[in-house]
Amino acid sequence: MQASTRLTVSQALVRYLAALKAEVIQPDGRTDILPYCAGVFAIFGHGNVAGLGEALQAEKDRLPTLRAHTEQGMANAAVAFAKAHFRQRIMAVTSSIGPGATNMLTSAALAHVARLPLLLLPADVFVSRLPDPVLQQVESFGQGDVSANDCFRPVTRYFDRIMAPEQLLVALPRALQVLTDPAQCGPVCLALPQDVQTFAHDWPEDFFHPALIRMRRPPADAQELAAACALLKSAKRPLIVAGGGVLYSQAWDALRSFAQTHGVPVSETQAGKSSLAWDHPLNLGAIGVSGSPAANGAAEQCDLLFAIGTRLQDFTTGSHALYAQARLLSLNIQPLDAAKKRGQPLLADVRTGLGQLTAALAGWRADPDWSASCRHQAAAWATRVTELTTHDPGDALPYDAEVIGAVRESATDVGLDSADNDIVVCAAGTLPAELHKLWRSALPGNYHMDYAYSCMGYEVAGGLGVKLARPEREVIVIVGDGSYMMLNSELASSVLLGRKIIVVILDNRGYGCIERLQIGSGGASFNNMLDDCVPEGGARSAIDFAMHGRSMGADAVHVRDTEELRSELRRARAASKSQVLVINTTHQRTTGDGGAWWEVAVPEVSARAEVGAAHRAYLQAKTRQRR
Ligand SMILES: Cc1ncc(C[n+]2csc(CCOP(=O)(O)OP(=O)(O)O)c2C)c(N)n1
Ligand SMILES: [Mg+2]
C-alpha cells in the first residue's frame with residue numbers, strides 16, 4: 001500500500017505547486033534552486049473562494065497569494081514574470097467562473113503566441129449540475145458540458161477540466177510537462193469545477209515530492225547538423241537573426257562566441273533583442289519592419305539567413321520580402337518553426353546547437369570583406385542612434401526617440417554608469433518600433449517587449465510581473481496614452497504589493513501609429529486621434545494622466561519637456577514607490593531611418609484616389625515577397 005494523505009482537490013493542487021523546485025540559471029551564470037511557482041495571483045469569487053481560496057490561505061507562507069485588480073492584468077503580470085525568468089519560473093493565476101475566467105483569454109492568447117508558460121486556474125460550473133444555471137454560467141442549449149472555459153481550448157497548449165479528484169494525478173504532471181518543455185511551452189488551463197475543488201481524496205504521498213525541474217537541452221540530429229554545416233560553409237555572406245529562443249535558451253554567450261569565431265554579423269528580433277550587447281562590433285541591431293538600416297541592408301544582401309530561435313513573424317521578415325534572395329537555415333527547438341518557409345531545419349536547443357556547430361565548423365569564417373563591411377555599418381548605426389536620441393526638440397513637441405534618449409540619459413544623471421540596470425517594458429503603439437531601433441541593451445533581458453501579441457494593456461501589468469521577477473532592476477514601462485488607457489489597474493497593485501515601477505506615458509492624444517498606418521494605406525484620418533472623435537454633443541477628451549496616477553497611489557507628474565522629464569526621472573529613480581511621468585508628444589514624427597515593407601492589405605477598389613495609389617504600391621511590393 002502506498003502511503004497517502006487525505007486532502008481536497010484544491011489542497012492537493014496547492015501542495016503540489018508549492019513543492020515544485022527548479023534549477024534556475026541567473027543572468028550572471030549562477031545556478032539557484034528556487035520554487036518553480038513563485039506565487040498565485042488571485043481574484044476570488046463564488047467559484048474559487050471557498051475551495052481554492054481555503055487551500056491557498058493555508059499554504060500562504062510556502063506559496064504566496066497576490067491580490068491584484070483585473071484578471072487580465074494578473075495573467076499579463078504572470079506572463080511577464082515567466083519571460084523575465086527566461087521561462088524557468090512561473091506564477092499561477094486563479095479566477096472565479098464566467099467573466100473572471102474570460103478576462104484571462106487575452107493573456108492566454110498572448111502566452112500562446114509568445115511561447116511563454118502561464119498556468120491558469122479558472123473556476124468552473126458544478127460537475128453535479130444540480131444548482132444549474134449558477135450565477136455567471138454560460139448556458140449552451142445543445143451541449144451540457146460546455147462552459148465559458150471552453151474558450152480557452154484554442155489559446156492554450158494544454159486544456160483540461162478536472163471532473164474527478166484522481167484526474168489531478170494525471171493532469172498536473174501533464175501541465176508541468178507543457179509548461180517546462182522548451183518546444184511545447186505555452187499556456188495551460190486547468191478548469192476547476194466549484195464542487196470538485198472541495199472533494200477530498202487520499203493522495204499518494206510521493207505525488208507531493210516531484211522531481212527537480214531542469215531545462216532540457218536536446219542536441220541536433222547528426223544528419224541535420226551535417227546539412228547545416230554544409231550550408232554555412234557554402235555561404236559567403238551569412239546573417240544571423242537572433243530571436244527570443246536565444247534568450248529562453250540562455251544562449252547569449254554561445255551566440256557571441258559563434259558570431260566572433262566565424263565572423264557572422266547578428267541582427268535581433270523584438271523578442272531576441274538584448275541577446276548580444278548593443279555595442280558588440282558585429283551587432284547590426286534590430287531587423288525587419290522596425291529594423292535598423294544596418295541590419296536590413298545586410299538582410300537584403302546576405303546569401304544565407306541563419307534564423308536562430310525565431311518564429312520568423314512578419315515584422316521580423318518584412319512580410320518575407322526582406323531576404324527573398326537568401327537561403328534559409330533555422331536553428332530552433334520547435335519543429336514547426338525550424339521548417340518554416342522551406343528552410344533547412346536544425347532542430348536543437350539553441351545553446352547546445354550553436355556549440356555543436358562551432359565544433360563542426362572549425363576553421364570556417366564568413367567572407368572577411370562581408371564581416372568588415374557589417375562591422376562598419378554597425379558602428380555607423382551606433383553613431384546615428386546617439387544623434388537621434390540626444391536631439392533636442394527645442395520648443396517643438398518631442399517624439400518618441402527624444403523621450404527614449406531622456407530616459408536612458410537620466411540613468412547617468414543619477415551616477416549610474418549607464419542605463420544597463422534598467423529593464424524597459426512595452427508592447428504596442430509607436431514605441432515598439434522606436435525602442436526596437438533605438439534602445440541600447442547591454443544585458444540579456446533588459447529589453448522586455450511583447451511584440452508577439454502586441455497587446456495594448458500588457459505594459460503596466462507586465463512591468464509589475466518583471467519587477468516581481470527582477471526586484472534589483474529599475475523597471476521602466478514606456479507606454480502610449482492609448483495603451484495606458486486600455487489597462488492600467490495594476491499600477492495600483494504595484495503600490496499595494498510594494499513593487500516599484502516607473503511608468504512614462506507618452507500622450508499624443510490618440511492612436512498615433514494606427515493613424516499613420518491609415519493614412520499610409522490611402523485612408524482618410526478617421527477614428528484614431530481623440531480630437532477627431534468628438535461627435536455632436538460630445539466633449540473634447542482631456543485625460544489628466546498625472547491625476548489618474550496619483551489616484552492609484554503612485555507619485556505622478558506631468559512634465560513640460562524632455563529636460564524636465566530627465567530631472568523628474570532622477571527623482572523617480574531615487575523613489576521607492578511607483579512613479580508616473582507624463583509627457584506630451586507628437587504622433588506626426590517617427591524615426592525615418594531603417595524600416596521595411598509590411599504587408600497590410602489595401603482595398604482593391606475605393607472612391608479615394610489615395611487608396612488606388614496605395615493599392616498599386618501594395619501590389620508592387622508584393623512582387624518581392626518570398627513565397
Ligand atoms: C488590445 C489591442 N487592441 C488594439 C490594438 C491595435 N493597436 C495597435 S497600436 C494601437 C494604438 C496605440 O495607441 P498608443 O498606445 O497611444 O500609442 P501611439 O501609437 O499613439 O504611440 C492600436 C489601437 C492592439 N495592439 N491591442
Ligand atoms: Mg497615443
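Here is a walk through this predicted model, from its nonpolar cores out to its surface.

Let's start on the inside. The largest nonpolar core holds 57 residues, and F41, V93, F152, L491 and V503 are the ones with the most contacts inside it. Which helix gives the most to this core? That is helix α3, spanning residues 71-84, with 8 residues. There is also a second, separate core, made of 39 residues, and V14, L176, L190 and L192 are among them.

Pick out V503 from the first core and look at its surroundings. Leaving out residues up to four places away in sequence, V503 touches V460, V477, V479, Y484, L491, Q579, V580 and L581. One of these partners, L491, is also on the list of residues with the most contacts in the core.

Just along the chain from there, find the loop between β20 (502-507) and α20, where R509 sits. N508 is found in the loop between β20 and α20 too. Is N508 buried or exposed? With a relative accessibility of 10%, N508 counts as buried, because the cut-off for that word is anything under 20%. N508 also has company from far along the chain: H587 is 79 residues apart from it in sequence, yet their C-alpha atoms are 5.7 Å apart in space. Apart from its neighbours within four places in sequence, N508 is in contact with D481, M529, T585, T586 and H587.

R509 has something odd about its backbone. Most residues other than glycine have a negative phi. R509 is not a glycine, but its phi is positive, at about 60°. R509 is partly exposed, with a relative accessible area of 24%. L312 does a similar thing, with a positive phi of about 55° although it isn't a glycine either. You'll find L312 in the loop between β14 (304-308) and α11 (314-317), and at a relative accessible area of 4% L312 is buried.

While we're on backbone quirks, here's another kind. Most peptide bonds are trans. The one from D132 to P133, however, is cis, with omega near -15°. P133 belongs to the loop between β7 (118-124) and β8 (158-161).

Now for some charged pairs. Side chains of opposite charge can pair when their charged atoms come close. How many salt bridges does the model have? The count comes to 26. In one of them, the side chains of E402 and R589 meet at 3.5 Å, N to O. E402 is in helix α15 (residues 400-413) and R589 is in the loop between β22 (579-584) and α23 (609-622), so this pair ties together parts that are 187 residues apart in sequence. E402 is buried at 2% relative accessibility, whereas R589 is partly exposed at 39%.

Another salt bridge joins the side chains of D150 and R153, at 2.7 Å from N to O. Here D150 counts as buried, with 16% relative accessibility, and R153 counts as partly exposed, with 45%. These two don't act as a lone pair: D124, D150, R153 and R161 are linked in a network of salt bridges.

Contacts can also be polar without being salt bridges, and S290 gives us an example. The side chain of S290 makes a polar contact with the side chain of H436, at 2.7 Å. S290 is in the loop between β13 (283-286) and α10 (293-301), and at 1% relative accessibility S290 counts as buried. Setting aside neighbours within four places in sequence, S290 is in contact with Q270, F315, A433, H436 and K437.

Next, look at K233, in helix α7 (residues 222-233). K233 counts as partly exposed, at 47% relative accessibility. K233 and G363 are 130 residues apart in sequence, while their C-alpha atoms are 10.0 Å apart in space. Not counting residues up to four places away in sequence, K233 touches A360, L361 and W364.

We finish on the surface. M485, L530 and I543 form a nonpolar patch there, with about 220 Å² of accessible area together. L530 lies in the loop between α20 (512-520) and α21 (545-551), and with a relative accessible area of 30% L530 is partly exposed. One more salt bridge to find is between the side chains of D531 and R540, at 3.1 Å, N to O. D531 is partly exposed at 37%, while R540 is exposed at 56%.

Note on methods. Residues are numbered from 1 along each chain as its sequence is written. Chains are lettered from A and ligands numbered from 1 in the order in which they are written. This is a predicted model: local features need pLDDT of at least 70, side-chain atom pairs count only at pLDDT 80 or more; totals for chains, interfaces and linings use all residues. Side-chain values use heavy atoms; hydrogens and water are left out. Helices (H or I, at least four residues) and strands (E, at least two) are DSSP runs, numbered from the N terminus. Buried means under 20% relative accessible area, exposed over 50%, partly exposed in between (1.4 Å probe, protein chains only). A polar contact is a pair of N or O atoms within 3.5 Å; within protein, one must be able to donate a hydrogen and the other to accept it, and residues adjacent in sequence count only if both atoms are side-chain atoms. Contact means heavy atoms within 4.5 Å. Patches are made of residues with over 30% relative accessible area and no salt bridge: like charges are joined within 9 Å, nonpolar side chains (Val, Leu, Ile, Met, Phe, Trp, Tyr) within 5 Å. Accessible areas come from the Shrake-Rupley method with a 1.4 Å probe; for residues, only the protein chains shown count as cover. A salt bridge is a side-chain nitrogen of Lys or Arg within 4 Å of a carboxyl oxygen of Asp or Glu. A nonpolar core is a set of buried Ala, Val, Leu, Ile, Met, Phe, Trp, Tyr and Cys residues joined through side-chain atoms within 4.5 Å.
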